[in-house]
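User: Hello! I am new to this structure and would love a close look at one part of it, taken slowly.

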Amino acid sequence: MKQEDIAQKVLVVDFGAQYGQLIARRVRDLHVYSEIIPYDLPMDDVKAKKPSAIILSGGPASVYAADAPELDPGFFELGVPVLGFCYGMQLMAKMLGGTVPQTDVGEYGPATLGREYDASRLMAGTPASQTVWMSHRDSVGKVPEGFVVTGSTSTTHVASMEDEARGLYATQFHPEVHHTAYGMKILENFLFSICK
């Protein structure tokens, strides 16, 4: 069977993340086909793959760097759910009208996330306070119109956000690493509850 013929697939958009391969593996651990693609794959090629969902990986760049990876806006117009991690979240926010202020305050390592929105589909079934793994300097300051803040830490006000109407979800932390206590639950929620 050709990859194009697989009925359901998740495309993991790679921005040079140290965890890119791990994201794809975690999706496969949940028995869903995943494929890593470069962030600059032409949109016609992306559409030809007929994805059921998109995951935007993290990456080492700042969204303000002159050579920062950019994303075709068409990814947000495919009509499938999109989940962004770390750099993927910052890029989503910046492209859709939010702000990502440049600060010198980052988070590296474990952090305590407090849930901010009880109706969050992405965070459903996870506790009000939980340990997550952070690795960032930039972070979202203001969410785009239509988004709600679903989680925060003592350092990062917007640690997770979602726009359920448009199927857009994002976390500043890394659900794919085992240091995030409920990371697999979050991925399950995205794949099965949100993406069906």
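Could you walk me through the charged pairs, and begin with this: is Glu164 buried, partly exposed or exposed?

Analyst: Happy to help, and please keep in mind that this is a predicted model. Glu164 is partly exposed, with a relative accessible area of 40%. That value falls between the cut-offs, since buried means under 20% and exposed means over 50%.

Now for the partner of Glu164. Its side chain meets that of Arg121 in a salt bridge, with 3.6 Å from N to O. Arg121 sits in the loop between strand E5 (107–115) and strand E6 (129–136), while Glu164 sits in the loop between strand E8 (160–163) and E9, so the pair ties together parts that are 43 residues apart in sequence. Arg121 has a relative accessibility of 23%, so Arg121 counts as partly exposed.

Let us turn to Asp163. This residue forms a salt bridge with Arg166, and the closest N and O atoms are 2.7 Å apart. Here the two partners differ in burial: Asp163 is buried, with a relative accessible area of 5%, whereas Arg166 is partly exposed at 40% relative accessibility.

The next pair is Glu35 and Lys49. Glu35 belongs to strand E2, which covers residues 34–38. The side chains of Glu35 and Lys49 meet in a salt bridge of 2.6 Å, N to O. This pair links distant parts of the chain, with Glu35 in strand E2 and Lys49 in the loop between H2 and E3, 14 residues apart. The two side chains are also joined by a polar contact of 2.6 Å. Glu35 has a relative accessible area of 11%, and because buried means under 20%, Glu35 counts as buried. Lys49 is buried as well. In total, the structure has four salt bridges, and the pairs described here are among them.

To see the surroundings, it helps to look at the nonpolar residues too. The largest nonpolar core holds 30 residues, and those with the most contacts inside it are Val13, Ile54, Leu56, Leu71, Phe75, Met92 and Met161. Several elements give two or more residues to this core: strand E1 (10–14), helix H2 (43–48), strand E3 (53–56), helix H3 (87–95) and strand E9 (168–171). Among these, H3 gives the most, with five residues.

Met92 makes a good place to pause. Setting aside neighbours within four places in sequence, Met92 is in contact with Leu56, Phe76, Val82, Gly84, Pro144, Phe147, Met161, Leu168, Tyr169 and Ala170. Apart from the largest core lies another core, of 26 residues, including Val27, Ala159, Tyr169 and Leu191.

Finally, a word on the cysteines. Cys86 is found in the loop between strand E4 (82–85) and H3. At 3% relative accessibility, Cys86 counts as buried. Cys86 and Ala159 are 73 residues apart in sequence, yet their C-alpha atoms are 9.1 Å apart in space. Cys195 counts as buried too, at 17% relative accessibility. A search of the whole structure finds zero disulfides.

To return to your starting point, Glu164 is partly exposed, and its salt-bridge partner is Arg121.

Notes: Residues numbered from 1 in each chain as written. Predicted model: local features only at pLDDT ≥ 70, side-chain atom pairs only at ≥ 80, totals over all residues. Heavy atoms only, no water. Helix = DSSP H or I, 4+ residues; strand = E, 2+ residues; numbered from the N terminus. Buried < 20%, exposed > 50% of the residue type's maximum accessible area, 1.4 Å probe, protein only. Polar contact = N/O pair within 3.5 Å; in protein donor to acceptor, adjacent residues only side chain to side chain. Disulfide = S-S within 2.5 Å. Core = buried A, V, L, I, M, F, W, Y, C linked by side-chain atoms within 4.5 Å. Contact = heavy atoms within 4.5 Å.
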